[in-house]
Amino acid sequence: MTDLSQPGAIPGAQAETGVPPPLWLLAELTYRCPLHCAFCYNPLDYTDHHRELSTAQWLNVLRDARALGAVQLGFSGGEPLLRDDLEVLVEQAHKLGFYTNLITSGVGLTEQRLGNLKDAGLDHIQLSFQDSTQQLNDFLSSTRTFELKQRVAVALKKHGFPMVMNCVLHRYNLPHVDKIIEMALALGAEYLELANTQYYGWARENQPQLMPTREQLVEAEAVVARYRAEHGERCKIFFVVPDYFENRPKRCMNGWGAVFLGVAPDGAALPCHAARGLPGLTLPNVNDTPLREIWYESDAFNRFRGLQWMKEPCRSCEEKERDLGGCRCQAFLLTGDAANADPVCDKSPFHEQVVKVVQRAADASTSAAAATAREQPIVFRNDANSRRFAAASGAANVRGDHGGQP
Ligand code: SF4
Ligand code: SF4
């Protein structure tokens, strides 16, 4: 009998399909979160998906994903610490042989829970900050959590966890990159992920306020290079230039249905974090479809897998194996069709959309009119705003709108 708790134990699946197994499982345990970040990547209508898998259902997902071949496991959300079965899930994941990572705001990470998670076998923790200053950290998350995060960072080191500090960058905090790095060094982070905002979900709503200028990015990159040269041994600093400022897209998720398998709180299986926003893509659910079938056979995971789905200019492009046409969600958001080339690419007939956004950000730093636009209120991620978006998207579906911006 096949032992399905062992990786790659599904007999012959890769040989039959030619599709490699997933390597990375992201378990989004809940959409509940005590923070209200302006750049949150959760869906705008998350309140429409409030149902959560039970402990037993999550345990099945872990077992099945490991049997498929997944080796890395991220627990995220929302705030995964709001699930009081987190320790049970970590323990099971550890027993199955996953390398486990908790992605958290730090809220709820008490000494007691840190000890329990250590005992359960958690490998590492990614702690998010919004900025190096209390004022901006608390403003952007619409909470008073800066000091708590500092205390959590100290406790986390005390319990012997390696720490990845994460800070999402945008026009408000890019000028503080040096201070953010200093904070990471002072708190003993082994890794610092300076993640420039990706404009999906709530960040997309707040793009006029969050979009940086090219000058801000160039300056921040120079600062990062200086610190890397001086402190690179102590703390590995990641800094990825945001897509909008490039002429070629990134190889998004390392390919659709190639390595990444996300599972949303309600059991919807996601080929990428933002796939929930793609219309016409029916996401299979782990409650009614075996994970193996989801990965290898579902329409959602096969729709943009490989190269066959491509339209021109990607179809005949000599660079298609390198970037796989870029990001499907960005293609949809900016062109209205997820099968188009990512408009970040200057070969895309929609590239002008990206140029305009960058230009608007440049204007916003100088012109009075655009400065006024930036004063429009930030839409914070909270239940009331989410219900408003859910109601609006329900009405749009009834009307047959697609929500894109051709
Ligand atoms: S980005 Fe902020 S609001 Fe969204 S899940 Fe993370 S901590 Fe919560
Ligand atoms: S045309 Fe398509 S495949 Fe070619 S570089 Fe642009 S996005 Fe990549």
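Author: Before we start: UniProt positions here follow the numbering used for this structure, feature names are shortened, and annotations may be inferred rather than shown by experiment. Also, this is a predicted model.

Reader: ok, so which residues does the "domain: Radical SAM core" annotation cover?

Author: Residues 19–234, according to an unreviewed UniProt entry. That span is 44% helix and 16% strand, and its end C-alpha atoms lie 38 Å apart.

Reader: and how many helices and strands in the protein?

Author: There are 17 helices and nine strands. The radius of gyration is 21 Å, close to the 22 Å from the globule rule for 406 residues, so the protein is as compact as a globular protein of that length.

Reader: what box would the C-alpha atoms fill?

Author: Roughly 70 × 55 × 45 Å, taken along the principal axes.

Reader: what share of the residues is buried?

Author: 42% of the 406 count as buried. As for contacts with a separation of 6 or more, 72% of them come from residues 24 or more positions apart.

Reader: switching to ligands. which residues are around ligand 1?

Author: Among them are Cys-33, Cys-37 and Cys-40, along with Gly-77, Gly-78, Glu-79 and Arg-381. By class, that shell has four nonpolar, six polar and two charged residues.

Reader: where does UniProt put the "binding site" feature?

Author: At Cys-33, Cys-37 and Cys-40, again from an unreviewed entry.

Reader: let's zoom in on Cys-33. where is it found?

Author: In the loop between strand E1 (24–28) and helix H2 (55–68). Cys-40 has its place in the loop between E1 and H2 too.

Reader: why does Cys-33 count as buried?

Author: Because Cys-33 has 22 other C-beta atoms within 10 Å, and the cut-off for buried is 20 or more. Beyond its neighbours within four places in sequence, Cys-33 is in contact with Gly-77, Gly-78 and Glu-79. Those three residues are also around ligand 1.

Reader: and Cys-40, buried or exposed?

Author: Buried, with 24 other C-beta atoms within 10 Å. Setting aside neighbours within four places in sequence, Cys-40 is in contact with Gly-201, Trp-202 and Arg-381. Arg-381 also belongs to the residues around ligand 1.

Reader: last one: how many residues surround ligand 2, and which are the closest?

Author: 14 surround ligand 2, the closest being Cys-314, Cys-317, Glu-319, Lys-320 and Cys-345. The shell around ligand 2 divides into six nonpolar, two polar and six charged residues.

Methods: Residues are numbered from 1 along each chain as its sequence is written. Chains are lettered from A and ligands numbered from 1 in the order in which they are written. This is a predicted model: local features need pLDDT of at least 70, side-chain atom pairs count only at pLDDT 80 or more; totals for chains, interfaces and linings use all residues. A residue is near a molecule or strand if its C-beta atom, placed from the backbone, lies within 6 Å of it. Ala, Val, Leu, Ile, Met, Phe, Trp, Tyr, Cys and Pro count as nonpolar, Asp, Glu, Lys and Arg as charged, and the others, Gly among them, as polar. Helices (H or I, at least four residues) and strands (E, at least two) are DSSP runs, numbered from the N terminus. The radius of gyration is taken over C-alpha atoms; the globule rule is 2.2 Å times the number of residues to the power 0.38. A residue is buried if 20 or more other C-beta atoms lie within 10 Å of its own, exposed if 12 or fewer, and partly exposed in between; C-beta atoms are placed from the backbone. Two residues are in contact if their C-beta atoms, placed from the backbone, lie within 7 Å.
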